[in-house]
Amino acid sequence: MQVVEFGSGTWRFLERAPEKPPASGFVWLILDRESLETDLPALQQAAHALGGSTLLDLHVKDLANRAHPSHYDYTSVYDLVTFRRLASDAEVKAELGETSSAASSLALARFGRIRTRAVGFVVFDRLLVSVHPASCFTARTFIERYLADAVQAEGLAAVAARSRLPASSADLMLRMLNMMVDSYLDLRKDLASELDAWQQQLLGPRSRGADWAALMSARNALHTLEDLCEEQNDAMQEWLDTQREQPAPWMTQAERDSLLARARDVVEHVQRVVHHVRRMEHGAETAVQIHFSALGNRTNEIMRTLTALTAIFLPLNLIAGIFGMNFQFLPLVQREQGFWIAIGSMAAIACVLGLVFWRKRYLARTGR
């Protein structure tokens, strides 16, 4: 368990949680989910001393649940927010193992690498408890960022560094949530480019089909991502409504407005991800419909050409059938030029019918 204290425009690491809340600022407790059971007594003691209440057993189970969906709950003392972030490439490789390298060369492989991790936040007035998976990049990124910002300097640089520090525990939580959502926004570029390449391959002039199993896996991944973002949106909307209806009494109006603006920004980013996912789903379905429409159109062209050729040779077969009858007396049969007259007539009929069908575009070759 790591302990960080924010206050008076500075922050510092602590070896253990203080026994009472700071006069200004707040304390941030960072725990790994794998060590939550071991650190639970110290966590409950810090929550009671700094927040005024221990965590409910049900909420502790929610924090320990790695498969918990995005969710919001509250008590009279603290808020509980569970948010699923996108797994890093290292976490995905560790989960998929050797199959990840083989799957990377398959069509729409990026969609199959969508994995998420649950991060829990317990927000008190003067205390923030965050429970992360082991080696979580979210907590590590913010610690590294604040280490850079907390370098003591003179003049405007120090003022600017202090202004980038979070003003409250809720403010820090929203900053981390915003970074998690931004990772989804970055992912959409990779998904869109891969889906565009697949659509171009599917609609290519020499395309004979597609990897439909990969397409179904991609669609399932998009549905999962859409459900995930909708859960995130619902959780943040509920938290935002609670902050509007029951604002913290110690916050100034400016701090409250800044907090609500940051929360609305997180909600707007989540909605952008949902909109983009739905647009990709629609684009994939449209590409499949265009593909089958093109196949149907190509089949119709082939059948039209075959029908025209059949119509051309039909009168020729009729003439050949007539002259093949076993009668003793037939016109032109006993004449020396009869064969060439029949061949010439058949060629003339074929040319006339071919010209007629060409003028009617029955034999015209159209682009795909």
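Which residues are linked with D171 in a network of salt bridges? They are R175 and R262, so let's start there, with D171, R175 and R262 joined in one network of salt bridges. Hello everyone, and a quick reminder before I go on: what you see above is a predicted model.

Let me take that network apart a little. The side chains of R175 and D171 meet in a salt bridge, with 3.4 Å from N to O. Why are these two separated by about one helical turn? Because they are 4 residues apart in helix α7, which covers residues 169-202. Are they buried or exposed? Both R175 and D171 are buried.

While we are in helix α7, please look at V181, which is found in that helix too. V181 has a relative accessibility of 1%, so it counts as buried. If you want a partner for V181 from elsewhere in the chain, try E268: the two are 87 residues apart in sequence, and their C-alpha atoms are 9.9 Å apart in space.

Now for salt bridges in general. How many does the model have? The count comes to 7 salt bridges. I will show you two further pairs.

One is between E230 and R278, whose side chains meet at 2.8 Å, N to O. E230 lies in helix α8 and R278 in helix α9, residues 253-323, so this pair ties together parts that are 48 residues apart in sequence. What about their exposure? E230 is partly exposed, at a relative accessible area of 29%, and R278 is partly exposed as well, at 43%.

The other pair is R12 with E5, where the side chains meet in a salt bridge at 2.8 Å, N to O. Here the partners fall into separate classes: R12 counts as partly exposed at 49% relative accessibility, while E5 is buried, with a relative accessible area of 14%. Buried means under 20% here, so that is why E5 gets the label.

Since we are at this end of the chain, let me mention V4. V4 sits in strand β1, residues 2-7, and V4 is buried, with a relative accessible area of 0%. The C-alpha atoms of V4 and E15 are separated by 8.8 Å, and these two residues are 11 residues apart along the chain.

On to the cysteines, for those of you who think about reducing agents. How many disulfides are counted? The count is 0 disulfides. As a refresher, a disulfide is a covalent bond between the sulfur atoms of two cysteines. Two cysteines to find on your screen are C136 and C351: C136 is buried, with a relative accessible area of 5%, whereas C351 is exposed, with 56%.

Let's turn to the surface. Which residues form a negative surface patch? They are D227, E231, D234 and E238. D227 is found in helix α8, which spans residues 212-245, and D227 is partly exposed, with a relative accessible area of 43%.

Helix α8 has another residue I'd like you to click on, and that is T224. At 52% relative accessibility, T224 counts as exposed; the cut-off for exposed is over 50%, so T224 passes it. T224 and I114 are 110 residues apart in sequence, and 9.1 Å separates them in space, C-alpha to C-alpha.

There is a nonpolar patch on the surface too. I302, M303, L306, L309 and F313 form this patch, and together they have about 470 Å² of accessible area. F313 has its place in helix α9, and F313 counts as partly exposed at 46% relative accessibility.

My last stop is Y74. Where is Y74 placed? You will find Y74 in strand β4, residues 71-74. Y74 is partly exposed, with a relative accessible area of 48%. Y74 and T242 are 168 residues apart in sequence, yet in space their C-alpha atoms are 9.2 Å apart.

So, to go back to the opening picture, D171, R175 and R262 are linked in a network of salt bridges, and the model has 7 salt bridges by count and 0 disulfides. Thanks for listening, and I'm happy to turn the structure around for anyone who would like another look.

Conventions
Residues are numbered from 1 along each chain as its sequence is written. This is a predicted model: local features need pLDDT of at least 70, side-chain atom pairs count only at pLDDT 80 or more; totals for chains, interfaces and linings use all residues. Side-chain values use heavy atoms; hydrogens and water are left out. Patches are made of residues with over 30% relative accessible area and no salt bridge: like charges are joined within 9 Å, nonpolar side chains (Val, Leu, Ile, Met, Phe, Trp, Tyr) within 5 Å. Accessible areas come from the Shrake-Rupley method with a 1.4 Å probe; for residues, only the protein chains shown count as cover. A salt bridge is a side-chain nitrogen of Lys or Arg within 4 Å of a carboxyl oxygen of Asp or Glu. Lys and Arg count as positive and Asp and Glu as negative; His and the chain ends are not counted. The place of a charge is taken as NZ of Lys, CZ of Arg, CG of Asp or CD of Glu. Buried means under 20% relative accessible area, exposed over 50%, partly exposed in between (1.4 Å probe, protein chains only). A disulfide is a pair of cysteine sulfur atoms within 2.5 Å.
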